[in-house]
Number of protein chains: 6
Amino acid sequence: MIIGRSPIMEDQLIKIEVNIDNMNPEHYSHLLERFLQARANDAWLTPIIMKKGRPGILLSVLCAETLLDMMRELIFKHTTTIGIRYTKMDRLICDRTFKIVYYKGLQVHIKQSRYQGNLVNESIEFDDIHRISEVTGESYKLISQRIWSIVKAEKLT
Amino acid sequence: MIIGRSPIMEDQLIKIEVNIDNMNPEHYSHLLERFLQARANDAWLTPIIMKKGRPGILLSVLCAETLLDMMRELIFKHTTTIGIRYTKMDRLICDRTFKIVYYKGLQVHIKQSRYQGNLVNESIEFDDIHRISEVTGESYKLISQRIWSIVKAEKLT
Amino acid sequence: MIIGRSPIMEDQLIKIEVNIDNMNPEHYSHLLERFLQARANDAWLTPIIMKKGRPGILLSVLCAETLLDMMRELIFKHTTTIGIRYTKMDRLICDRTFKIVYYKGLQVHIKQSRYQGNLVNESIEFDDIHRISEVTGESYKLISQRIWSIVKAEKLT
Amino acid sequence: MIIGRSPIMEDQLIKIEVNIDNMNPEHYSHLLERFLQARANDAWLTPIIMKKGRPGILLSVLCAETLLDMMRELIFKHTTTIGIRYTKMDRLICDRTFKIVYYKGLQVHIKQSRYQGNLVNESIEFDDIHRISEVTGESYKLISQRIWSIVKAEKLT
Amino acid sequence: MIIGRSPIMEDQLIKIEVNIDNMNPEHYSHLLERFLQARANDAWLTPIIMKKGRPGILLSVLCAETLLDMMRELIFKHTTTIGIRYTKMDRLICDRTFKIVYYKGLQVHIKQSRYQGNLVNESIEFDDIHRISEVTGESYKLISQRIWSIVKAEKLT
Amino acid sequence: MIIGRSPIMEDQLIKIEVNIDNMNPEHYSHLLERFLQARANDAWLTPIIMKKGRPGILLSVLCAETLLDMMRELIFKHTTTIGIRYTKMDRLICDRTFKIVYYKGLQVHIKQSRYQGNLVNESIEFDDIHRISEVTGESYKLISQRIWSIVKAEKLT
């Protein structure tokens, strides 16, 4: 069964960057999730070395340009920075479809990514693996291996 | 007392980047400070993994476009790189004002940053903390806590 | 088919550590491989921040105590360090057996690791994946997925 | 009000270390929390550079020696490693007492740490800050500053 | 003797970036070399912290814009990513000439880099050092020092 | 001229470690220098990933066991940690002698390190390079190359 479908896309995003050298690291807890919940495409931290030998953090947020104001607000609210910088980036992304398989009766999404029609990557949605792990107590590692074996068995038949 | 005042700003800077995989790490001493003294907005090092498993360094310098030539000269003089790359970045920065408080008779700048009129961040100038520490022998941690208590007490009254 | 077999082991190794802040990063090329060829159990680099804001490297080598002299010689010959430190570490390691499967007629080792009889981990020898990739031009990713499907299919039958 | 009290302690822990170079990074999600839930003192990841230029991870777990078996089981279950190494470490830890203050009617623990009777550190329990943030929607930064002002005001009176 | 010669250049490249949080680190082996063989100007990995505390990798590739399609193909084939982003960067690069010296009868390239006529940097081609090391068994460190002494001696005469 | 001389040594040090996840990075300024001034053998910072995705810092201090109390005091005074852990490490260090050369009339120490009589490493004291740079305005890179040429020229004659 195949659900969902996003056409091949070329689009443009902005990458926002902020250097932080005066924030208590505890305050990074849940920070990346805030940007993702506000529909950023991605957000991440890079350890850097700043002036006077300070171990700082470069915060990066990738998002649609229309979200700049919202991200700026989140950054000013939740970090100690007082300025943000950003630049446009072009993007090439795959066409993604989701296949559904079942593991111990639980639904699992297999994401198939294609570029110009060719299968580029196949991956198990991590959130499904995590949800199953909560139910069965099995490790992510074991669940992944067993789901792959189901995916492959279906292909063979 | 409020001194200084910079209006809300949207401006444009350039970010210069250089990958370095053949420089004695001793030669990074004082390097970031050189860019800041030449009026770069910021400069930092990012540890990276380069070809052949080499642990390299990505040097980044953020500055006004008019400073490109000066930064290029500093980079060529003080590092082993033989090429630099750069791109423009837009910037949104807060309006900053400085409040002055006194700790043991010594002046301390409290930087208040506002965006569209709202207080976004309040911080103690680190150079003041450091100077006080040199005089009193107290730790940065202790001085900061005590200065915050003075700032807050002033607000309560 | 099962080949090889190493009993469950508790043993003791030494971990050698060296801080390096004055070596041209180019000279790290092939360095880790030298320790492994001399039968170290593992060797790795950790990016660190050293005095004066220098981006340094912590080199670690894990090996049998009997190899201390040989590793010390390699370190003094190939790095700029002038002293090494080391400490003993206890180790618990799995019992490993190798199963062989065939991919496009090429031999692949599947390493099965057990602790107290329980299967702990199953992995494809990377060197086999690399060798196959050299022959077929396929990516590591694709080869891995296909080998896993063969391993799982064999289990189902 | 002062609650809880742990005497000055010198004790001994073990530090377990594992190098991981073949695990899907998604599988690190929730990993550190598993060790802490099993009563490890701390657990953390260090990015390292391993053989063949691979970006690996050094997993470290600090715990009582009596927990070695349990931690070993968690590591073998949830990671791809097939061996662990460990060493004993001595520890000096502060005497901690908790003071309670109220912020908007919500309880906050202020941890006061003493060594040989001297106040060494004072910190706000992060879990309280996070809980308040969930209720009030305020940032960690703002909540922390306001709690500090309450703590200091109490001291002044 | 001077061979080769590239004029002072200002040109434009693209920097491609990809965040990877679900790829087995073993699969990074030989990855950077693939981009360089396909004529990328540089390629490197940056350790980052991604959502849910995952230790991810930011892959960067610097290349001529005409190579975008080829690099995109390599990235989709050899990594687990399903989208790439890129931006243009301007570049200033030195004029490079190669001088040849001999070490134990073996040819060594000394790269001299000039900007606006001034010597900016002088370096020994690492591949020559590596090749000599394979022949003589000497360390990179020793070979480099001795080649520098030859270069300097030639200058003195 | 040869000055100073330290015999080949095998000795024992302690390595102190502290995980820090709640300290303003500004407070790391000058921190490593404090340990070195108190006669630690070395001190460094390692960026780590801690619970809840926090970017933390592992502070390490290497020193004689007799300095444990002093280092513990510095750590408790200048960081937010409330506990330290440490372990003994054995050490093998080279015999070091200093040769003096002159560059533009300024004294430069060349450190020669020997193990069991064999020259293991030769390096220019960085503090001398820095001091010369302050006087002449030349880069570390240029000063180093020129000092090496002087060292080598003396050897040839």
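A salt bridge is a side-chain nitrogen of Lys or Arg within 4 Å of a carboxyl oxygen of Asp or Glu. Under that rule, the interface of chain B and chain F holds 0 salt bridges.

The legends below describe a predicted model, in which local features need pLDDT of at least 70, side-chain atom pairs count only at pLDDT 80 or more, and totals for chains, interfaces and linings use all residues. Residues are numbered from 1 along each chain as its sequence is written, chains are lettered from A and ligands numbered from 1 in the order in which they are written, and side-chain values use heavy atoms, with hydrogens and water left out.

**View 1. Chain B and chain F, related by a rotation of 180 degrees.** The turn comes with 0.0 Å of shift along its axis and superposes chain B on chain F with an RMSD of 0.0 Å. The two copies are thus related as by a two-fold rotation axis. Copies are superposed by least squares on the C-alpha atoms of residues with pLDDT of at least 70 in both. Which residue of chain B comes closest to the rotation axis? Pro47(B) does, with its C-alpha at 5.2 Å.

**View 2. The contact between chain B and chain F.** Contact means heavy atoms within 4.5 Å. Chain B gives 20 residues and chain F gives 20 residues. Of the interface residues of chain B, 100% are also interface residues in chain F, so the copies meet through the same surface. The area buried between the two chains is about 1,600 Å², and carbon and sulfur atoms give 52% of it. Buried area is the accessible area (1.4 Å probe) that two parts lose on being put together, summed over both. In chain B, the residues that lose the most area to chain F are His27(B), Tyr140(B) and Lys141(B), together 34% of what that side buries.

**View 3. Polar contacts and elements where chain B meets chain F.** The rule finds 12 residue pairs in polar contact across this interface, both residues at pLDDT 80 or more. A polar contact is a pair of N or O atoms within 3.5 Å; within protein, one must be able to donate a hydrogen and the other to accept it, and residues adjacent in sequence count only if both atoms are side-chain atoms. On the side of chain B that touches chain F, two or more residues come from each of helix H2 (68–78), helix H3 (126–136) and helix H4 (140–156) of chain B. Helices (H or I, at least four residues) and strands (E, at least two) are DSSP runs, numbered from the N terminus. The side of chain B divides into 4 nonpolar, 11 polar and 5 charged residues. Ala, Val, Leu, Ile, Met, Phe, Trp, Tyr, Cys and Pro count as nonpolar, Asp, Glu, Lys and Arg as charged, and the others, Gly among them, as polar.

**View 4. Chain A against chain B.** A turn of 120 degrees and a shift of 0.0 Å along the axis lay chain A on chain B, with an RMSD of 0.0 Å. That is the relation of a three-fold axis. The copies use different surfaces: 12% of the contact residues of chain A recur in chain B. Here 25 residues of chain A are in contact with 28 residues of chain B. Together the chains bury about 2,100 Å², 58% of it on carbon and sulfur atoms. Ile82(A), Arg85(A) and Tyr86(A) supply 29% of the area that chain A buries against chain B, more than any other three residues.

**View 5. Salt bridges between chain A and chain B.** How many salt bridges does the rule find across this interface? There are 2. Lys52(A) forms a salt bridge with Asp127(B), and the closest N and O atoms are 2.8 Å apart. By class, the side of chain A that touches chain B has 10 nonpolar, 8 polar and 7 charged residues.

**View 6. Lys111(E) in strand E7 of chain E.** This strand covers residues 106–115. Is Lys111(E) buried or exposed? At 18% relative accessibility, Lys111(E) counts as buried. Buried means under 20% relative accessible area, exposed over 50%, partly exposed in between (1.4 Å probe, protein chains only). Leaving aside neighbours within four places in sequence, Lys111(E) is in contact with residues including Ile82(B), Phe98(E) and Glu125(E).

**View 7. Two loop residues with positive phi.** His30(A) has a phi of about 65 degrees, although it is not a glycine. His30(A) lies in the loop between strand E2 (9–20) and helix H1 (31–37) of chain A. With a relative accessible area of 34%, His30(A) is partly exposed. Arg39(D) has a phi near 75 degrees. Arg39(D) sits in the loop between helix H1 (31–37) and strand E3 (42–50) of chain D. At 62% relative accessibility, Arg39(D) counts as exposed.
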